[in-house]
Amino acid sequence: MSKFLFNFVLLTVMFFTLTTMPVNKKILDFNFSFEGFTEWEQNNQPEAEIPVIVADGSEDATMTIGIPYLFQPESLVILVEGTGEVVQTAAAIRDQMTLTVSDKDRQVKTLTGVQIPFLEDRLIDKTKVELTVDVAALALEAGHYRLEFSSASNHLAADANTVSAEVSTFAGKRYVPAKQVTQNGYVSIQTYYPDEQLMHLIPLSQATANDKVLRKTVNALAAPPPVGLGLLNEAAAFRVPNIQYAQGLANMYTRSADLAPFSTGSTRSMMAVEAIRYSLFNIDYVQKIKFYVDGRSTGAFLHGMDLETVYERDNTPTAWLGVRTRGERLLLGLVKVYPTLATPLEDVMALLKSGIVQEGNSDALIAPIPANVTVVSTTQEGTTLKVDLGIEGDLYGGDQALAAFMFDAMTQSLTSLPGVDGVLYTLGGAPVTSLNGLDLTEVQRRKALINPLE
């Protein structure tokens with residue numbers, strides 16, 4: 001009996017306790033669903049740690065080149081700015097980079113990925129990395145180049161994945177400035193020689209006593225040019241044993257045997273005749289040239305030429321441009337300027353800036369006016385052409401000889417225009433008292449000695 005009483009009291013206490021204490025109703029709801037239990041279980045899971053978000057390549061970076069024009073740089077810096085792991089971002093951009101090197105409208109080389117000579121990356125801060133390109137390792141020949149970098153990395157926006165810079169280099173070549181003949185009783189002779197590719201005629205100048213100038217010029221053409229200049233190591237033209245001059249006409253008497261070495265092709269034949277023409281028309285009193293072969297004045301003459309032709313002085317404007325050769329010197333050569341723009345002055349200026357000729361091959365030509373120089377205005381007063389220039393930064397890195405290269409080329413070119421015999425240069429409207437050590441306050445005249453022999 002006592003055992004029954006004890007169990008009855010225990011149950012009564014338990015019932016009283018359960019009916020009076022606060023409890024979660026869901027605990028007593030034994031008819032819960034499986035979905036409800038799942039929801040309850042999910043709501044009571046511990047909070048997961050939020051991982052650090054690493055840049056996923058969704059246009060989270062930019063790249064820029066701070067200096068758009070560089071003169072003979074050893075290296076070039078591309079700045080990459082981004083978020084997250086910027087070092088990894090920069091590496092991805094670098095590894096998917098393509099470098100295109102262009103000279104005027106000609107593609108020189110294309111490099112991709114590891115082919116591009118990158119130096120060690122440099123971390124600036126947590127958002128910036130510098131990618132450095134070893135420009136010297138590109139081994140560019142003398143000239144002006146456009147270096148364009150594009151990356152396929154999706155860290156960059158599609159419309160902002162390309163940067164570029166203009167680079168000028170002269171690969172150790174030196175320019176010998178043009179000058180006037182200063183010795184009394186002396187004049188200049190210019191003799192024209194083809195380059196090794198038979199693409200361009202390049203003059204070499206020297207002062208000589210004003211005696212038998214015609215004969216000296218023709219004899220010089222019948223011998224090879226000095227070595228080391230990158231010119232064809234052969235005579236520029238055939239021998240002319242007899243020259244008769246009268247009233248502006250130079251009659252040139254040669255022989256079939258002398259013509260034979262120059263009959264190997266039309267280009268060689270044409271350049272031989274052009275070398276004589278250009279050289280003799282540098283002599284003021286020569287106005288016309290006629291050739292005779294074995295005493296004949298009519299009939300065939302070399303490839304596609306006729307002995308009946310009388311060559312007259314050509315007053316077509318010319319543009320003087322740098323010519324790339326394998327030699328140690330930077331040389332100037334002339335090209336004819338044919339009308340394509342509104343005025344001959346515009347045509348000449350366009351060639352001086354672009355180096356792209358209207359006819360013929362432009363691959364070896366170097367524009368004298370670099371990318372950081374602009375022609376602000378031109379006005380003519382009498383026979384003097386006034387040219388105002390603008391220069392961003394240094395002209396050719398402060399190099400005096402290369403500044404002379406630009407102004408020699410401009411002066412020789414602009415004084416070939418009808419009615420122009422001198423050029424006065426200004427810089428930002430002010431006289432050029434000292435630019436790379438040059439004093440250009442006086443009117444500049446055409447020089448007699450271009451590419452002077454040393």
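**Close-up views of a predicted model**

**View 1. Threonine 426 and the residues around it.** Once neighbours within four places in sequence are set aside, threonine 426 is in contact with Val387, Asp388, Leu389, Pro431 and Val432. This is a predicted model, so keep that in mind for every view here. Threonine 426 belongs to strand β23, which covers residues 422-427. One of the contacts bridges a fair stretch of chain: leucine 389 is 37 residues away from threonine 426 in sequence, yet their C-alpha atoms are 6.2 Å apart in space.

**View 2. The four-stranded open sheet, β12-β13-β14-β17.** Four strands make up this open sheet, in the order β12-β13-β14-β17, and their pairing is mixed. At the edges stand β12 and β17 (310-312), each with a single partner strand, so one side of each has no neighbour in the sheet. Ignoring direction, neighbouring strands are turned by 20 degrees against each other on average.

**View 3. Walking across that sheet, pair by pair.** Start with β12 (residues 242-246) and β13 (residues 249-254), which pair in the antiparallel sense over five bridges. Here isoleucine 243 has methionine 252 in β13 as its bridge partner. The two strands form a hairpin with two residues between them, and glutamine 247 in the turn has a positive phi of about 50 degrees. Next along, β13 pairs with β14 (residues 288-293) in the parallel sense, over six bridges. In that pairing, asparagine 251 is matched with lysine 290 of β14 as its bridge partner. Finally, β14 and β17 go back to the antiparallel sense, with three bridges. Lysine 290 turns up again here, standing opposite valine 310 in β17.

**View 4. Two helices on the sheet.** Which strands do α5 and α7 touch? α5 packs on the sheet against β12 and β13, and its direction makes about 145 degrees with that of β12. α7 packs on the sheet too, touching β13, β14 and β17, with its direction at about 140 degrees to that of β14.

**View 5. How α5 and α7 pack on each other.** Helix α5 (residues 213-221) and helix α7 (residues 266-280) pack at an angle of about 150 degrees, and their axes are 10 Å apart. Angles over 145 degrees count as roughly antiparallel, so that is the label for α5 and α7. The crossing of α5 past α7 is right-handed. On the α5 side the contact uses Leu214, Thr217, Val218 and Leu221, while α7 brings Ala275, Ile276, Ser279 and Leu280. Sorted by class, that gives six nonpolar residues, two polar ones and no charged ones.

**View 6. A salt bridge between α6 and a loop.** The structure holds 20 salt bridges, and this view picks out one of them. Aspartate 258 and arginine 239 meet through their side chains, at 3.3 Å from N to O. Aspartate 258 sits in helix α6 (residues 256-259) and arginine 239 in the loop between α5 and β12, so the pair ties together parts that are 19 residues apart in sequence.

**View 7. The α8 and α9 helix pair.** Are α8 and α9 roughly parallel or roughly antiparallel? Helix α8 (residues 344-354) and helix α9 (residues 400-414) pack at an angle of about 155 degrees, with 10 Å between their axes. They are therefore roughly antiparallel to each other. Their crossing is right-handed. Leu345, Val348, Met349 and Leu352 in α8 meet Ala409, Met410, Ser413 and Leu414 in α9. The contact of α8 with α9 breaks down into seven nonpolar residues, one polar and no charged.

**View 8. The five-stranded open sheet, β2-β9-β8-β4-β5.** Five strands build this open sheet in the order β2-β9-β8-β4-β5, with mixed pairing. The edges are taken by β2 (69-71) and β5 (106-112), each of which pairs on one side only. From one strand to the next, the twist averages 20 degrees. Inside the sheet, β4 (residues 97-103) and β8 (residues 143-151) pair in the antiparallel sense over six bridges. If you want a register mark for this pairing, take leucine 99, whose bridge partner in β8 is phenylalanine 149.

Technical notes
Residues are numbered from 1 along each chain as its sequence is written. This is a predicted model: local features need pLDDT of at least 70, side-chain atom pairs count only at pLDDT 80 or more; totals for chains, interfaces and linings use all residues. Side-chain values use heavy atoms; hydrogens and water are left out. Axes are lines fitted to C-alpha atoms, for helices over the stretch in contact, and angles run from 0 to 180 degrees between N-to-C directions. Angles under 35 degrees count as roughly parallel, over 145 as roughly antiparallel, 65 to 115 as roughly perpendicular and the rest as oblique. A crossing is left-handed if the near helix is turned anticlockwise from the far one by less than a right angle, and right-handed if clockwise. Contact means heavy atoms within 4.5 Å. Ala, Val, Leu, Ile, Met, Phe, Trp, Tyr, Cys and Pro count as nonpolar, Asp, Glu, Lys and Arg as charged, and the others, Gly among them, as polar. Two strands pair if DSSP finds at least two bridges between them. A salt bridge is a side-chain nitrogen of Lys or Arg within 4 Å of a carboxyl oxygen of Asp or Glu.
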